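Q: I'd like a close look at how the nonpolar residues pack here. Please start from the core and then take me out to the loops.

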Amino acid sequence: MNWDALKSHHRARGACRILDLFQDQGRAADFSVRACDMLFDYSKTDIDVRARDLLVQLADASGLAERRAAMFCGQRINETEDRAVLHTALRNPDGDALVDGEPVAPGVRDTLDRMARFSDDLRIGRIRAPGGGRYSDVVNIGIGGSDLGPAMAVGALAPYTDRLRCHFVSNVDGAHIHDITRGLNPAATLVIVASKTFTTIETMTNAATARDWIAAKVGADLAGGHFVALSSSLTKTAQFGIDETRVFGFEDWVGGRYSMWGPIGLGLMLAIGAGNFRDFLAGAAAMDAHFCSAEGARNMPLMLALVGIWHNQICGHATRAVLPYDQRLARLPAYLQQLEMESNGKRVAMDGQDLPCHSGPVVWGEPGTNGQHAFYQLIHQGTRMVPCEFMVAREGHEPDLAHQHRLLVANCLAQSEALLRGRSLDQARERIAGRYDGDELERQARHRVFPGNRPSTTLVYPKLTPRMLGQIIALYEHRVFAEGVILGINSFDQWGVELGKELAVALAPLLTGEATAEAKDGSTRQLLDYLTSKD
Ligand code: F6P
């Protein structure tokens with residue numbers, strides 16, 4: 001019903017110039033949300049009052065409030081894996097969530113305290129490498145949710161990193177671990193093996209390579225002492241030979257891509273210190289509280305979700321670009337790709353039926369201003385519409401370079417203004433009238449037209465502190481959750497990654513000649529032939 005109303009409102013309204021909507025002097029403030037010191041401005045979209053009312057009604061009718069309450073209190077809302085979804089409990093050590101009638105907070109507090117003690121001791125050199133020297137470097141080996149979150153956050157919070165250098169290895173491509181370890185001293189390196197399942201082939205392969213690398217320098221007896229494990233499977237960490245005092249476990253109610261708030265965040269904690277890590281958690285908790293209490297259009301994650309739904313489902317825009325004007329958020333688009341696309345890239349609804357609409361959109365992006373000199377051409381003049389999500393801080397971390405920050409901000413605002421206003425054919429002609437005339441003027445001018453009327457949103461925040469990063473990530477998590485509930489998707493499973501993994505295991509022996517490729521399709525056989533031939 002609400003979907004139909006939204007679609008007919010969109011159709012009935014026909015072509016709408018976003019710029020015209022600003023005749024309403026109050027539009028910018030009215031079509032913005034302020035929360036937790038941040039401002040989310042979605043006034044440069046074609047959402048009007050009626051569309052927003054219908055979108056909020058859509059959310060209400062989807063049962064979002066009930067689903068949100070069920071998530072926060074520990075119900076098994078991940079129905080296809082029969083699991084609770086409680087990453088929010090990791091940032092609320094005093095919370096009252098229960099799983100199977102048991103409070104989870106005491107375990108969360110214990111693990112956080114253990115992590116903090118370990119981190120403090122390692123950072124000040126009280127915990128030393130088995131050979132007696134201090135650790136200088138940490139290598140986190142993990143992939144997907146066991147890599148992207150901490151890797152993104154360590155980059156984002158570079159001004160807060162000290163004492164230890166933190167590196168990340170994820171790809172099974174040996175080039176990755178080779179290049180990361182090349183400049184490191186194995187005797188002064190701590191290896192974190194981060195894997196919820198402790199079965200992921202990329203991670204286990206890299207972990208074995210790292211063990212050999214360390215053993216070659218310090219000897220097999222001491223190598224184990226260089227390892228720490230972060231996992232839900234204590235049996236498997238023991239099989240790998242990691243002492244239980246060096247294992248930080250977490251429960252199955254923490255999904256991989258939602259796991260950086262607990263043990264999977266150890267690399268981040270080692271890099272920025274436990275105090276800053278707790279601030280990071282506090283920021284996320286503040287956003288949780290906002291998400292649970294703010295009503296309708298005043299709820300920032302909800303409005304982020306509804307703007308996304310408007311663009312993806314109602315306007316039919318298949319992708320969205322995330323464009324942080326913050327170099328330190330360079331890995332945010334990759335992080336959000338997993339968060340959003342692994343969560344909401346599903347074609348079957350919760351009830352097992354085909355989804356009656358599209359799944360979540362393709363998410364992509366790069367930091368500005370770099371992207372401006374690469375793909376913004378398509379965003380401004382391409383035939384497809386790409387809703388853009390800009391982000392920028394009011395203040396940078398480099399007071400001496402405030403003039404550069406001003407330029408960064410100017411570029412961010414210029415892009416959303418350009419997308420909004422565009423440049424008409426008349427304006428284009430006027431600019432080049434002295435250089436061309438007649439048909440050539442017309443031809444040249446047409447290339448210089450910017451259609452404008454392209455939607456964008458802008459999220460602004462005071463400064464990229466640990467607390468602010470926590471807020472931003474939790475904001476996006478809840479956006480994904482809200483979109484998933486409204487679309488009827490289970491945002492917490494990921495069955496779509498399984499088939500490729502199984503086939504890779506079956507294909508490996510074909511590359512060594514241990515099995516034959518007869519059953520494979522012609523293309524795969526041809527590729528195998530090429531890849532295994534000597535000439
Ligand atoms: O293959 C996808 C996935 O299962 C992700 O969901 C997860 O974050 C990643 O692999 C890593 O899994 P693990 O932490 O169990 O190694």
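A: What follows starts with the core, moves to the helices and domains around it, and ends in the loops.

A word on the ground rules: this is a predicted model, where local features need pLDDT of at least 70 and side-chain atom pairs count only at pLDDT 80 or more, while totals for chains, interfaces and linings use all residues. Numbering runs from 1 along each chain as its sequence is written, and side-chain values use heavy atoms, with hydrogens and water left out.

Let's go straight to the core. A nonpolar core here is a set of buried Ala, Val, Leu, Ile, Met, Phe, Trp, Tyr and Cys residues joined through side-chain atoms within 4.5 Å. Buried means under 20% relative accessible area, exposed means over 50%, and partly exposed is in between (1.4 Å probe, protein chains only). The largest such core has 110 residues, and Trp253, Leu266 and Leu469 touch the most other members. Its largest share, twelve residues, is supplied by helix H21 (residues 466-487); helices (H or I, at least four residues) and strands (E, at least two) are DSSP runs numbered from the N terminus. Because domain 1 (2-11 + 21-61 + 295-420 + 455-493) and domain 2 (87-278) both contribute residues, this core lies between them. The domain bounds come from an automatic or database domain assignment.

Zoom in on Leu469. Leaving aside residues up to four places away in sequence, Leu469 touches Met152, Ala153, Ala156, Leu157, Phe280, Leu329 and Leu464, where contact means heavy atoms within 4.5 Å. Another core sits apart from the big one: it has 18 residues, including Val169, Leu184, Ala223 and Val247.

Three of those Leu469 partners, Met152, Ala153 and Ala156, are among the buried residues of helix H8. H8 (residues 148-156) is mostly covered, with eight of its nine residues buried. Leu148, Gly149, Pro150, Ala151 and Val154 make up the rest of that buried set. What do they pack against? The buried residues of H8 meet strand E6 (165-169), helix H13 (266-272), helix H16 (332-344) and H21.

Now step back to the domains. Besides domains 1 and 2, the chain has domain 3 (422-451) and domain 4 (496-532). The centres of domain 1 and domain 3, taken over C-alpha atoms, are 33 Å apart, and their contact takes six residues from each of the two.

There's also a nice helix pair to look at. The axes of H19 (residues 425-432) and H20 (residues 438-447) come within 8 Å and cross at roughly 120 degrees; axes are lines fitted to C-alpha atoms, for helices over the stretch in contact, with angles from 0 to 180 degrees between N-to-C directions. H19 brings Leu425, Ala428, Arg429 and Ile432 to the contact, and H20 brings Leu441, Glu442, Gln444, Ala445 and Arg446. By type, that's five nonpolar, one polar and three charged residues, counting Ala, Val, Leu, Ile, Met, Phe, Trp, Tyr, Cys and Pro as nonpolar, Asp, Glu, Lys and Arg as charged, and the others, Gly among them, as polar.

Out in the loops, start with Ser62, between helix H4 (49-61) and H5. Ser62 touches Val485 and Ile486, residues up to four places away in sequence not counted. Its C-alpha is 7.9 Å from that of Gly488, although the two are 426 residues apart along the chain. Ser62 is partly exposed, at 27% relative accessibility.

Cys315 sits in the loop between helix H15 (300-314) and strand E10 (319-325). With the same sequence neighbours left out, Cys315 touches His10, Asp46 and Trp310.

A few backbone oddities round things off. Most residues other than glycine have a negative phi, and most peptide bonds are trans. Cys36, not a glycine, has a positive phi of about 50 degrees; Cys36 lies in the loop between strand E1 (32-35) and strand E2 (38-41) and is partly exposed at 21%. Asp82 also breaks the pattern, with a positive phi of about 55 degrees; Asp82 is in the loop between helix H5 (64-73) and helix H6 (87-90) and is partly exposed at 46%. Finally, Gly368 and Thr369 are joined by a cis peptide bond, with omega about 10 degrees, and Thr369 is in the loop between strand E11 (362-365) and helix H17 (376-381).
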